Amino acid sequence: NAFVGSGPLDSGNSFQNNTSTNINNNGQLNSPPPTTWYGRFFACFHMDSLQQYFDVDTVDVKERIVSSILHANQPDLFRESILHRDGGKGPDLYGPVWLCMTLVLFLAITGNTSKYLHTNSMSMTEEFEYDISHLFHALWVLVFYTFVLPVLLYIMLRCVGVGITTSNGVGESISPGDVNGGSRPLSLIDLVCIYGYSLVSYIPATILCMLPSVMLEWMILIAATCVSLLLVLRNVMGPIVRSGSGSQWVGPVTMCLIGCHFIFLLVLKLVFYHHKFSKAKSGGNSSNYDGDDGVIATDDAFE
């Protein structure tokens with residue numbers, strides 16, 4: 001009988017051949033990893049590459065959701081102690097996808113509900129119409145924020161060469177020897193996961209935004225944006241600050257992250273919670289009411 005390690009010491013070629021052709025669970029040989037940039041890009045969308053990032057359960061997702069709020073202001077804690085802790089499952093895509101789709105529904109529903117409550121408080125219920133476009137607007141806004149923006153940020157950091165992995169960046173495992181100063185470099189899956197879980201604070205905020213008060217809407221959205229921004233800054237800027245060649249990019253990257261969140265805040269307020277109403281008047285004229293500034297402009301004013 002042959003046991004592991006009982007072969008001849010000079011069988012280097014056979015050992016190399018065995019390790020270079022791994023066998024998957026189906027008994028088929030795995031294809032070698034791609035070497036070109038476009039090969040790596042398309043490999044990111046292969047089922048085998050994505051399957052490992054959906055291998056989480058309810059306990060894992062619940063812990064990450066709670067930690068994204070409780071530990072938002074603690075440097076690198078969410079990324080190092082929650083996503084990359086010893087014995088953990090690593091970053092996932094199930095949570096970001098689930099949170100993104102949930103917030104799409106919440107924005108569409110609460111945006112229309114907020115409009116209805118505003119019209120009801122002004123005795124204009126006969127003018128209320130459900131805006132189905134909120135659903136499509138919420139979809140492309142949140143997909144861009146959750147998945148496209150981290151990719152753009154990763155490309156920018158890759159171009160300047162600070163605080164990121166130097167290979168394909170699709171969440172590959174990093175040995176302890178590669179971790180500098182107790183903080184591992186960022187990968188693309190890290191950025192997508194962090195931005196995905198940064199949406200948690202907006203879910204209760206959208207519910208509270210149904211209150212018919214413009215001032216409360218602004219305050220609630222600003223508070224949710226601050227919590228989300230803290231989570232991103234505290235977990236993204238650490239590797240950049242600690243990298244020797246990235247000190248000159250700390251300011252620009254920080255301003256870029258803050259600017260993106262500020263734009264996201266304005267989009268949420270002006271697209272989903274900025275209501276204008278029209279009310280018919282006697283004489284065939286109509287008036288437009290801006291729910292934010294309370295100004296009524298009649299059609300005669302533009303003639």
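**Note on the helix packing in this predicted model**

1. The crossing of α7 and α8 is right-handed. This is a predicted model, and the points below follow the packing from α7 through α8 and α10 to α11. The axes of α7, which covers residues 133-160, and α8 come within 9 Å and cross at roughly 140 degrees. The two helices are therefore oblique to each other, since only angles over 145 degrees count as roughly antiparallel.

2. Which residues make the α7 and α8 contact? On the α7 side they are Tyr 145, Thr 146, Phe 147, Leu 149, Pro 150, Val 151, Leu 153 and Tyr 154. They meet Leu 188, Leu 191, Val 192, Tyr 195 and Gly 196 of α8. By class, this contact has 11 nonpolar and 2 polar residues, with no charged ones.

3. Leu 139 is also in helix α7. With a relative accessibility of 36%, Leu 139 counts as partly exposed, because that value falls between the 20% limit for buried and the 50% limit for exposed. Leaving aside residues up to four places away in sequence, Leu 139 touches Met 101 and Val 104. The C-alpha atoms of Leu 139 and Val 104 are 5.6 Å apart, although the two residues are 35 apart in sequence.

4. Is α8 largely enclosed or largely open? Helix α8 spans residues 188-197, and 10 of its 10 residues are buried, so the rest of the structure largely encloses it. The buried set takes in Asp 190 as well as Leu 188, Ile 189, Leu 191, Val 192, Cys 193, Ile 194, Tyr 195, Gly 196 and Tyr 197.

5. Helix α8 also packs on α10, at an angle of about 160 degrees and with the axes 9 Å apart. These two helices are therefore roughly antiparallel, and α8 passes α10 in a right-handed crossing. From α8 the contact uses Leu 191, Ile 194, Tyr 195 and Tyr 197, and from α10 it uses Leu 231, Val 232, Asn 235 and Val 236. The residues divide into 7 nonpolar and 1 polar, again with no charged residue. Leu 191 and Tyr 195 of α8 take part in this contact and also in the one with α7.

6. Asn 235 deserves a separate look. Asn 235 lies in helix α10 and is buried, with a relative accessible area of 0%. What does Asn 235 touch, not counting residues up to four places away in sequence? Its partners are Asp 76, Leu 77, Phe 78, Arg 79, Leu 186 and Ile 194. Ile 194 is one of the buried residues of α8.

7. Asp 76, one of the residues touched by Asn 235, sits in the loop between α4 (58-70) and α5 (77-83). Asp 76 counts as buried because its relative accessibility is 9%, under the 20% cut-off. Its phi is near 65 degrees, a positive value in a residue other than glycine. Most residues other than glycine have a negative phi. A reader checking the backbone of this loop may wish to look at Asp 76.

8. How are α10 and α11 arranged? Helix α10 (residues 214-242) and helix α11 (residues 250-272) pack at about 155 degrees, with their axes 9 Å apart. They are therefore roughly antiparallel to each other, and the crossing of α10 past α11 is right-handed. This contact has 17 nonpolar, 4 polar and 2 charged residues.

9. Trp 218 is found in α10. At a relative accessible area of 27%, Trp 218 is partly exposed. Not counting residues up to four places away in sequence, Trp 218 touches Leu 266 and Lys 269. The C-alpha atoms of Trp 218 and Leu 266 are separated by 9.6 Å, with their positions 48 residues apart along the chain.

10. Some totals put these helices in context. The protein chain has 11 helices and 3 strands, and from the N terminus on, the helices come before the strands. Of its 303 residues, 39% are buried. Among contacts between residues at least 6 apart in sequence, 68% join residues at least 24 apart. The accessible surface comes to about 17,100 Å², and 63% of it belongs to carbon and sulfur atoms.

Definitions and conventions: Residues numbered from 1 in each chain as written. Predicted model: local features only at pLDDT ≥ 70, side-chain atom pairs only at ≥ 80, totals over all residues. Heavy atoms only, no water. Axes fitted to C-alpha atoms, helices over the stretch in contact; angles between N-to-C directions. Helix = DSSP H or I, 4+ residues; strand = E, 2+ residues; numbered from the N terminus. Parallel < 35°, antiparallel > 145°, perpendicular 65-115°, else oblique. Left-handed = near helix turned anticlockwise from the far one by under 90°. Nonpolar A, V, L, I, M, F, W, Y, C, P; charged D, E, K, R; others polar. Buried < 20%, exposed > 50% of the residue type's maximum accessible area, 1.4 Å probe, protein only. Contact = heavy atoms within 4.5 Å. Areas by Shrake-Rupley, 256 points an atom, 1.4 Å probe, with all protein chains shown as cover.
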